[in-house]
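Hi everyone, thanks for making the time this morning. I'd like to walk you through one model and what I found when I went through its contacts. Let me put it up on the screen.

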Number of protein chains: 2
Amino acid sequence: MTSVERPGRRPTIADIAAQAGVSPTAVSFALNDRPGISEQTRTRILAAVAELGWRPNVAARALGGRRADTVGLVVARPARTLGVEPFFAQLVSGLQARLSADRVALQLLVVEDVSAELDVYRRWAAERRTDGVVVLDLKQDDPRPEELARAGLPAVLVGGDGTPGPVPAVFADDHAAMIVLAEHLAALGHVHVGHVGGIPASIHSARRVAALHDTGARLGLTITTVPTDFSQDEAAAATRALLAHDERPTAIVYDSDVAALAGVTVLAEAGLSVPGDISVASFDDSALVRLAHPPLTAMTTDTFELGELVGQTVLSLVRGQAVPDVVGAPPPRLTVRGSTGRVPEVVA
Amino acid sequence: MTSVERPGRRPTIADIAAQAGVSPTAVSFALNDRPGISEQTRTRILAAVAELGWRPNVAARALGGRRADTVGLVVARPARTLGVEPFFAQLVSGLQARLSADRVALQLLVVEDVSAELDVYRRWAAERRTDGVVVLDLKQDDPRPEELARAGLPAVLVGGDGTPGPVPAVFADDHAAMIVLAEHLAALGHVHVGHVGGIPASIHSARRVAALHDTGARLGLTITTVPTDFSQDEAAAATRALLAHDERPTAIVYDSDVAALAGVTVLAEAGLSVPGDISVASFDDSALVRLAHPPLTAMTTDTFELGELVGQTVLSLVRGQAVPDVVGAPPPRLTVRGSTGRVPEVVA
DNA sequence: ACGCCCGACTAAAGCGCTTTAGCCGGATCA
DNA sequence: TGATCCGGCTAAAGCGCTTTAGTCGGGCGT
């Protein structure tokens, strides 16, 4: 059995002050690079800090100083479903990397639904646990931005529709990206294109559907979208539905990497070869789609980099610096791999 | 542009005390369920709390009370590689779920290597940022348990070798699990079994290798282990190496789900059918291996549940309750899917 | 030679909560 | 009846840091 006891108390600013022969105030000033301390004294103080191994007590700092040096991320998803798609982990890595460069911690919370998420925001704001938060998975008419603004909790949205709102957003233009993808398929001669989409209430899903259909209309494509809840099961079912469709598509676009993988499995079971019989493209790129056989054509986003950008934005925000209402992230690029090819001759 | 200003100040304990007509001390006692407050007064105080919407200021609480109500998780992996395997996200979900049930926050940090990780522990211990930490990816002769014990930072290891050390560990017996898997393959008639392993320095990889080889010796199997760094590329290369081996294995065991998926792709490219020509099993189960075609036989662990158990353990620990040196987690169970079958007749 | 200013530093208050001494009055006991 | 006890509550001292008022002494201007 093991139980724990903290060792002897840590040095405080008072200890350093004593060691350096100055007042605690002088130490605080020296540590925070404020004027009024001679170079000589400052050096002496820093030496004492190093010698005693002093570290700021974050709680004390937050109490006095008003900053918790912590940013929160609340994810409203069924907890057990988290973790299949690399997107989330990649984003968190990037976010975290940017934050920790500035010694700001990332606090993570997974909740069941948006209402629980709102509770958390209210609680965090009141408890002063975090200086700001990052919000994912924007929905149509999402109540969160407004609620956050009301609670006075600085926040940064990831995604959204690219229009200014009460809370700044980091926005990657997947509308434009979807157009690129549609043009790629059109160039290969595809006319009937299937689309395994996401939850219609999700803003980015809706935007993708709109982009695909608009572009389809422009280029003379027939688009069939089947919405799903992003689960593999529904993606598989959607794929079967598309195959059974009157005008069986010669290409299918999947909104996520996981969905695409599930779809490819269905195609394999149906005895269809990719891209010989049918082309497949994923809207999300990740290590997973490279695992498929053949590797999938996809729209590539550097999600890690997106996370860093989000981190940068939230840091600026909590420091009271002005932040654009919409921060543009690099748009996804088309990465052509082996899963898309010319439309099969047979059709015509 | 948006910039932020916090709204009017939050109520403090003093406000509640005034509202309820008692002293701040009485409020604190009532809030912390300490004796010496009459039921009537307590009710009045709680009413005031509700009315004013008071919330504890965590910083103040940590300053006085000595507890940060935060648990840390530091992961030493190249940040960009994080997120491919569901294991991590699942574990975090479970851990987080257990912690947040007790209003304890999870702080996440990704660092480049173990030495940076140690720095973080020292810093956190000094800053009192976290009450305890969770440690993953144990290596042989890992310096972390000892260092944590020295720093006086309560910690819980995930994995390890099942022997008591300076820090309590939550341990799932993958040794036993690997034996089950080997027996499954032996029962199907396989004799030459390939094994795509992990990093030899990793404790759990080493334990799996040992288990597999021991059982192989007992059952008369020939085991060929190829170590990898857990990456897909090396897993693919290892698979090719096994196929080129003098005694080509009739079954391959992969140490991770991602590796197995990469391997299956290689097999498909080589024109081998699974399980007709070769059987495949993954040591990690996850949504991914169910995506493969055919879905893979795997050792199933409820990683979410494991995370919850880790959370429970770390909570007990930071509360000063005694914790067993080794907490047993449910052992992985064999889930037979379509990817393992009888050894092909051709051989004989 | 006197008052001023300014740089360098200190004293002390305060952030919001917990906790350790008490204090006070009524019930209990001898 | 007086000493004791005890439940119910308050005063006040921290926790470690930041910040706002100074203080102090020497160089400067006149």
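The largest share of the surface near DNA strand C comes from α4(B), which gives 4 residues. α4(B) has company there: α2 and α4 of chain A, and α2 of chain B as well, each supply at least two residues. Please keep in mind that this is a predicted model.

Which residues come nearest to strand C? Of the 25 around DNA strand C, they are A:S23, A:S38, A:T41, B:I13 and B:S28. By type, the residues of this surface divide into 10 nonpolar, 12 polar and 3 charged.

Now for some individual contacts. On the chain B side, a side-chain N or O atom of B:S28 is 2.8 Å from a phosphate oxygen of DNA strand C, and B:R34 also places a side-chain N or O atom 2.8 Å from a phosphate oxygen of that strand. With A:T25 the partner is a base: a side-chain N or O atom of A:T25 is 2.9 Å from a base nitrogen of DNA strand C.

Let's turn to the other strand. DNA strand D is surrounded by 24 residues, and the closest are A:I13, A:S28, B:S23, B:S38 and B:T41. Helices α2 (24-31) and α4 (58-65), in chain A and in chain B, each supply at least two residues of the surface near DNA strand D. That surface divides into 10 nonpolar, 11 polar and 3 charged residues.

What do the side chains reach on strand D? For B:S23, an N or O atom of the side chain is 2.8 Å from a phosphate oxygen. A:W54 has a polar side-chain atom 2.9 Å from a phosphate oxygen of DNA strand D, and for A:N32 the distance from a side-chain N or O atom to a phosphate oxygen is 3.3 Å. Of the strand D atoms within 4 Å of the protein, 54% belong to sugar or phosphate, and the rest to bases.

Last stop, a helix in chain B. Is α11(B) enclosed or open? Of its 13 residues, 11 are buried, so the rest of the structure largely encloses α11(B). The buried ones include B:D257, B:L261 and B:L267. Its length works out too: at 1.5 Å a residue, the 13 residues of α11 (257-269) should span 18 Å, and the end C-alpha atoms are 19 Å apart, which agrees. Just after α11(B), B:G271 takes a positive phi of about 75°.

That's my tour, and I'm happy to go back to any of it.

Note on methods
Residues are numbered from 1 along each chain as its sequence is written. Chains are lettered from A and ligands numbered from 1 in the order in which they are written. This is a predicted model: local features need pLDDT of at least 70, side-chain atom pairs count only at pLDDT 80 or more; totals for chains, interfaces and linings use all residues. Side-chain values use heavy atoms; hydrogens and water are left out. The expected span of a helix is 1.5 Å times one less than its number of residues. Buried means under 20% relative accessible area, exposed over 50%, partly exposed in between (1.4 Å probe, protein chains only). A residue is near a molecule or strand if one of its heavy atoms lies within 4 Å of it. A polar contact is a pair of N or O atoms within 3.5 Å; within protein, one must be able to donate a hydrogen and the other to accept it, and residues adjacent in sequence count only if both atoms are side-chain atoms. Ala, Val, Leu, Ile, Met, Phe, Trp, Tyr, Cys and Pro count as nonpolar, Asp, Glu, Lys and Arg as charged, and the others, Gly among them, as polar.
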